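Take a walk through this protein chain with the model open beside you. Keep the sequence at hand and find each residue as it comes up.

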Amino acid sequence: MDAIRVAKVENVQLDRFIPPTNPSSGVTKQRITITLHLTPHHLIFSPSDQFSGLTTSKSIQDPTVETDEIWVPYPSITLLTRLPATIQGLYPLQIRTRNFESYVLYFERDREGGAEDVWQSVKDCAVSGELPSVLIQTKS
């Protein structure tokens with residue numbers, strides 16, 4: 001629990017790609033406003049009351065795409081990247097998982113409960129501080 005600098009961040013924008021539901025449709029890019037919860041073992045993306053809509057390559061909004069909670073266990077994270085600030089003044093973090101899912105989180109603040117604190121917290125929780133002990137056998 002000491003590794004978590006911030007337990008909850010509200011008004012975070014989440015971008016993710018939704019696979020096609022049928023062969024004739026394309027990949028859908030979804031952007032929703034979420035509340036991010038950090039626990040000792042998971043990242044939890046909870047949709048906020050405001051639903052900011054969906055964006056596709058054809059700019060069609062599809063309300064049938066799910067907006068349920070997303071739980072990401074720390075061991076499934078393969079890449080955590082801090083990206084440069086956007087022109088809108090948001091601070092993005094990109095998360096990639098073993099299941100080939102990719103999430104981009106946009107924070108309103110860089111520090112004090114923002115992108116830097118979340119990045120440090122996830123890094124400290126996801127990376128083990130100890131190396132596993134190696135058994136060395138010697139012949140005597």
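Phe 45 has a relative accessibility of 1%, so it counts as buried, the limit being under 20%. Keep in mind that you are looking at a predicted model. Tyr 103 is buried too, with a relative accessible area of 4%.

What do Phe 45 and Tyr 103 form? They form an aromatic pair. A pair of aromatic rings is described by the distance of the centres and the angle of the planes. For Phe 45 and Tyr 103, the centres are 5.3 Å apart. The planes meet at 65°. That angle is over 60 degrees, so the pair is edge-to-face. A search of the whole structure finds one aromatic pair, and you have just met it.

Now see where the two rings sit. Phe 45 belongs to strand E3, residues 42–47. Tyr 103 belongs to strand E8. The pair therefore ties together parts that are 58 residues apart in sequence.

Strand E8 covers residues 102–107. Which strand do four bridges join to E8? The partner is E1, and the two run antiparallel. Find Leu 14 to see one of these bridges: its partner in E8 is Leu 105.

E1 also pairs with strand E2. E1 spans residues 8–18, and E2 spans residues 28–38. Their pairing is antiparallel as well, and it runs over nine bridges. Look at Ile 18 in the model: Thr 28 in E2 stands opposite.

Side chains link E1 and E2 too. Start at Asp 15. At 5% relative accessibility, Asp 15 is buried. The side chain of Asp 15 forms a salt bridge with Lys 29, at 3.7 Å from N to O. Asp 15 is in strand E1 and Lys 29 in strand E2, 14 residues apart. Is Lys 29 buried or partly exposed? Lys 29 counts as partly exposed, because its relative accessibility is 34%.

Asp 15 has another salt bridge, with Arg 31. Here the closest N and O atoms are 2.6 Å apart. Arg 31 lies in strand E2 and Asp 15 in strand E1, so this pair ties together parts that are 16 residues apart in sequence. Arg 31 is partly exposed, with a relative accessible area of 30%. Put these links together: Asp 15, Lys 29 and Arg 31 are linked in a network of salt bridges.

Next, go to the helix. Glu 116 and Arg 82 meet through their side chains in a salt bridge, 2.4 Å from N to O. Glu 116 lies in helix H1, residues 115–126, while Arg 82 lies in strand E6, residues 77–82. The pair therefore ties together parts that are 34 residues apart in sequence. Glu 116 is buried, with a relative accessible area of 14%. Arg 82 is partly exposed, at 29%. The count of salt bridges comes to five.

Finally, step back to the whole chain. How many helices and strands are there? There are one helix and eight strands. Along the sequence, the pattern reads β-β-β-β-β-β-β-β-α. Of the 140 residues, 36% are buried. Take the contacts with a separation of 6 or more: residues 24 or more positions apart account for 50% of them. The chain exposes about 9,500 Å². Carbon and sulfur atoms supply 51% of that area.

Methods. Residues numbered from 1 in each chain as written. Predicted model: local features only at pLDDT ≥ 70, side-chain atom pairs only at ≥ 80, totals over all residues. Heavy atoms only, no water. Pairing = 2+ DSSP bridges. Phe/Tyr/Trp six-rings, centres within 6.5 Å; stacked < 30°, edge-to-face > 60°. Buried < 20%, exposed > 50% of the residue type's maximum accessible area, 1.4 Å probe, protein only. Salt bridge = Lys/Arg side-chain N within 4 Å of Asp/Glu carboxyl O. Contact = heavy atoms within 4.5 Å. Areas by Shrake-Rupley, 256 points an atom, 1.4 Å probe, with all protein chains shown as cover.
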